[in-house]
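User: I have a model open and want the reasoning behind its helix packing labels. Take me through them.

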Amino acid sequence: MWENTEVNLHTHTPLCHHAVSTIPEFCRAAAEGGFKVLGFSDHAPHPDDRVFGYHMLKTELPAYGRMLDEASEIFPGLVILRGLELDFRPDMIRYLEFKEELHLDYLLGSAHRVFCGDREVFFIEKSIFDEKVMLAFFEADLAMLRSGVVDMIAHPDAAASRYPGKFTDAMVRLTREMAREAKARDIPLEINVNGTGGICADPGRWRYPWEPFWEIVAEEDAPVVIGIDAHAAAHLVSSRLQPVWNFAERLGIRVQNAAVAEKLISRRPSK
Ligand SMILES: [Zn+2]
Ligand SMILES: [Zn+2]
């Protein structure tokens, strides 16, 4: 139906306080850039409405839903999918109320913050991560895959941004477990374009995608989507995209953007 490159399922809005383009601006850039499907997946509220500063509040959910409704009317040539990006928490199930309230098509799970011992670690904080922290992020990704709540896992390798060490045996094991779980449940793992910018703790490579991680995903033939994680309209038509598509092709990764969009649309209740 569509080409994989015509589908992006990871787009933000100004409600998260760190995206700079409006929904109509993203839609216009997408249409001009040749996209056929644009999925919005802005950062979800905390279920208890705690404030971390990079997401909308519960009271803003109705406005988010209305803006997505309006965009579908203004841009009939673009299929607009409705999603939210969720932070990892042990009780992911609490997010399902948001899905129901806004008639969402999908939920994107992201391990942005995890507990390692008694410390809460943020995936882009300044400190350098050791193996233990990396494994805590991978465990969170696995827990989200098994939660039955999320439809995709965003940037499962994002903690590699702060990790200058080797891909250890324990990481290989957890990555393989994750890839097998993703394949068995048909939940795609996302190669995230956003990580190709910025400074990595391990100079000389992208922050993410992290190649040794995706080599295992390719070996296990897990389903994958490439997500732009657009925080500005210009990100949808950026020169950063092609190298990531090339990366996936070189590794022999099974990219599923178009098939995933079709599946999400087929799940919509018929009117
Ligand atoms: Zn963001
Ligand atoms: Zn995102």
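**Helix α1 and its surroundings**

Analyst: In this predicted model, the buried residues of α1 are Ile-23, Phe-26, Cys-27, Ala-29 and Ala-30.

User: What makes them lie on the same side of α1?

Analyst: The arc they cover around the axis is only 165 degrees, so they sit on the same side of α1. The cover over these buried residues includes β2 (37-43) and α2.

User: Why are these residues called buried?

Analyst: The label requires 20 or more other C-beta atoms within 10 Å of a residue's own. Ile-23, Phe-26, Cys-27, Ala-29 and Ala-30 of α1 are buried, so each meets that cut-off.

User: How are two packed helices described?

Analyst: By the angle between their axes and the distance between the axes. Here the axes of α1 (residues 23-32) and α2 (residues 61-74) come within 10 Å and cross at roughly 35 degrees. The crossing of α1 past α2 is right-handed.

User: Which residues of α1 and α2 meet?

Analyst: Ile-23, Pro-24 and Cys-27 from α1 meet Met-67, Ala-71 and Ile-74 from α2.

User: What makes this contact nonpolar?

Analyst: Ile, Pro, Cys, Met and Ala all count as nonpolar. The split is therefore 6 nonpolar, no polar and no charged.

User: Which residues touch the most other members of the largest nonpolar core?

Analyst: Phe-26, Phe-137, Val-150, Met-152, Ala-159 and Val-217, out of 78 residues. Helix α4 (residues 131-146) gives the largest share of this core, 7 residues.

User: What does Ala-159 contact, leaving aside neighbours within four places in sequence?

Analyst: Ala-159 contacts Phe-123, Phe-129, Val-133, Met-134 and Phe-137.

How values were computed: Residues numbered from 1 in each chain as written. Chains lettered and ligands numbered in written order. Predicted model: local features only at pLDDT ≥ 70, side-chain atom pairs only at ≥ 80, totals over all residues. Axes fitted to C-alpha atoms, helices over the stretch in contact; angles between N-to-C directions. Helix = DSSP H or I, 4+ residues; strand = E, 2+ residues; numbered from the N terminus. Left-handed = near helix turned anticlockwise from the far one by under 90°. Contact = placed C-beta atoms within 7 Å. Core = buried A, V, L, I, M, F, W, Y, C linked by C-beta atoms within 7 Å. Buried ≥ 20, exposed ≤ 12 C-beta atoms within 10 Å, placed from the backbone. Arc of directions from axis to C-beta.
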